Amino acid sequence: MEFFGALERTEINDVLETGILFRYNHEAQRNNIYKAREFEAEVAKLVGAKYAHAVSSGSTAALCAMVAAGIGAGDEVIVPPFTYIATIEAVLMVGALPVFADIDETLCLSADSIRRAITPRTKGVCLVHMCGQMADMEAIMAVIDDHKLVLVEDAGQAMGASYKGVSTGLWGKTGAYSFDFFKIATAGEGGVMVTNDEQAYKHADSFSDHGHDHIGTNRGMEQHPILGFNYRISELHAAVGLVQTRRVPDIIEKNNAHKKQLMATLGAIPGVSFARIPDPDGDSATFLNLLLPDTQTAGRVIAELNAAGVGGFNYWFTNMYHFINQWDHIKQMRTASALPIEKFGAPQDYTTLDLPGAQSVIGRLISFGIRASWTTEEVATLAENVGAAIRKATLIEA
Ligand SMILES: Cc1ncc(COP(=O)(O)O)c(C=O)c1O
């Protein structure tokens with residue numbers, strides 16, 4: 001979301017000049033301009049996916065990922081308590097039943113907690129790669145394979161991250177990225193579902209456009225192999241998304257340099273550690289994820305950061321809409337109209353969940369958004385300011 005310029009404007013103008021803002025058909029007028037297709041090809045190239053399908057948001061990409069993976073009404077899906085709420089909503093919207101398991105210091109579901117949450121009704125796992133980092137994939141894939149579960153990856157926050165060379169979104173059957181305004185690359189609003197499975201791709205392609213098969217040049221005469229709805233992306237959004245995607249490798253490189261610099265300085269302070277990155281070479285480094293010894297210390301550091309006017313951080317434990325402690329509407333199942341889960345019955349009592357890993361890790365976590373546009377001096381100043389706040393809060397002599 002940091003870099004915009006002439007390249008974005010050129011792509012948007014291409015679309016405006018033809019006036020065809022719809023991604024399909026209108027072959028005679030569009031002068032062979034297909035920005036959504038180009039956007040998809042760009043994302044597929046970046047992450048190494050066989051198929052990429054662009055839709056209206058990361059939330060609808062997660063929904064398409066669920067549907068395309070065959071997850072539906074009454075299926076139990078293991079989910080994390082630390083994610084953007086869209087993940088849980090996507091599970092609920094397809095009629096499936098979220099089962100919360102615990103996370104560890106990777107900020108993602110742990111293999112052990114997934115194993116413990118499995119029941120005879122478990123269909124799959126929706127693994128969320130949080131804060132630009134990736135989960136512990138080898139251990140998790142062992143559980144997925146042992147129990148023949150379907151893996152869906154919500155990589156809304158971690159496009160471009162990888163583990164041992166394989167990108168987020170491509171470990172499971174389907175994966176989803178967000179291109180909302182706050183992500184490493186933005187389309188304004190948008191999302192992309194990726195998969196290496198042709199059938200899953202076809203299902204997502206049809207599901208996101210009222211079931212259309214997109215064969216031929218006469219939309220009115222198309223077949224509808226499945227039911228669907230409208231989660232289409234517009235050509236204007238896709239035009240921005242495609243340029244932004246091209247910028248990602250450079251952003252990741254800069255982010256990583258800044259993150260290493262911050263970690264080197266702050267890691268020297270007693271009591272400071274960082275969220276675990278199972279493969280540090282695959283970090284997208286959109287966040288510096290700082291861990292303090294306990295929740296009380298984290299609270300004191302936040303107070304010192306605020307007092308010193310240091311901004312640009314998230315304390316998910318209380319401030320942000322990414323942690324189960326803030327999800328009263330889900331715990332009390334407050335819905336405008338009944339969801340399938342209210343007919344099936346929830347698989348867990350969401351008000352009495354015991355998730356000690358999540359409570360401890362998220363209580364201790366402060367995440368600083370990293371900006372690729374920072375200079376080395378700006379990074380050094382931030383490290384100094386954050387370090388001073390930590391020292392003050394923990395009463396360590398500077
Ligand atoms: C993990 C995760 N999944 C899904 C989404 C939803 O993406 P969008 O805002 O594009 O709908 C987000 C957005 O913050 C996210 O962080």
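**Close-up views of a predicted model**

Helices α3 and α4 are oblique to each other, where oblique covers angles outside three classes: under 35 degrees is roughly parallel, over 145 roughly antiparallel, and 65 to 115 roughly perpendicular. This is a predicted model, in which local features need pLDDT of at least 70 and side-chain atom pairs count only at pLDDT 80 or more, while totals for chains, interfaces and linings use all residues. Residues are numbered from 1 along each chain as its sequence is written.

**View A. The crossing of α3 and α4.** The axes of this pair come within 9 Å and cross at roughly 45 degrees; axes are lines fitted to C-alpha atoms, for helices over the stretch in contact, and angles run from 0 to 180 degrees between N-to-C directions. The crossing of α3 and α4 is right-handed, that is, the near helix is turned clockwise from the far one by less than a right angle. From α3, look for Gly58, Ser59, Ala62, Leu63 and Met66; from α4, for Ala86, Thr87, Glu89, Ala90, Val91 and Met93. Contact here asks for C-beta atoms, placed from the backbone, within 7 Å. By class, this contact has seven nonpolar, three polar and one charged residue (Ala, Val, Leu, Ile, Met, Phe, Trp, Tyr, Cys and Pro are nonpolar; Asp, Glu, Lys and Arg are charged; the others, Gly among them, are polar).

**View B. The shell around the ligand.** Of its 15 residues, Gly58, Ser59, Tyr84, Gly156 and Ser178 come nearest (a residue is near if its C-beta atom, placed from the backbone, lies within 6 Å). Two elements, α3 (58-68) and α4 (86-93), give two or more residues each; helices are DSSP runs of H or I with at least four residues, strands are E runs of at least two, and numbering starts from the N terminus. The most comes from α3, with three residues. The shell divides into four nonpolar, nine polar and two charged residues.

**View C. Where domain 1 touches domain 2.** Domain 1 spans 6-247, and domain 2 takes in 248-319 + 358-394, with bounds from an automatic or database domain assignment. Their contact takes 25 residues from domain 1 and 22 from domain 2. On the domain 1 side, β6 (162-163) and α8 (235-266) give two or more residues each.

**View D. Helix α8 against α13 (residues 376-394).** Their axes lie 9 Å apart at an angle of about 35 degrees, and the crossing is right-handed. Among the contacting residues are His258 and Leu262 of α8 and Val379 and Leu382 of α13. Six nonpolar, five polar and no charged residues make up this contact.

How values were computed
Two residues are in contact if their C-beta atoms, placed from the backbone, lie within 7 Å.
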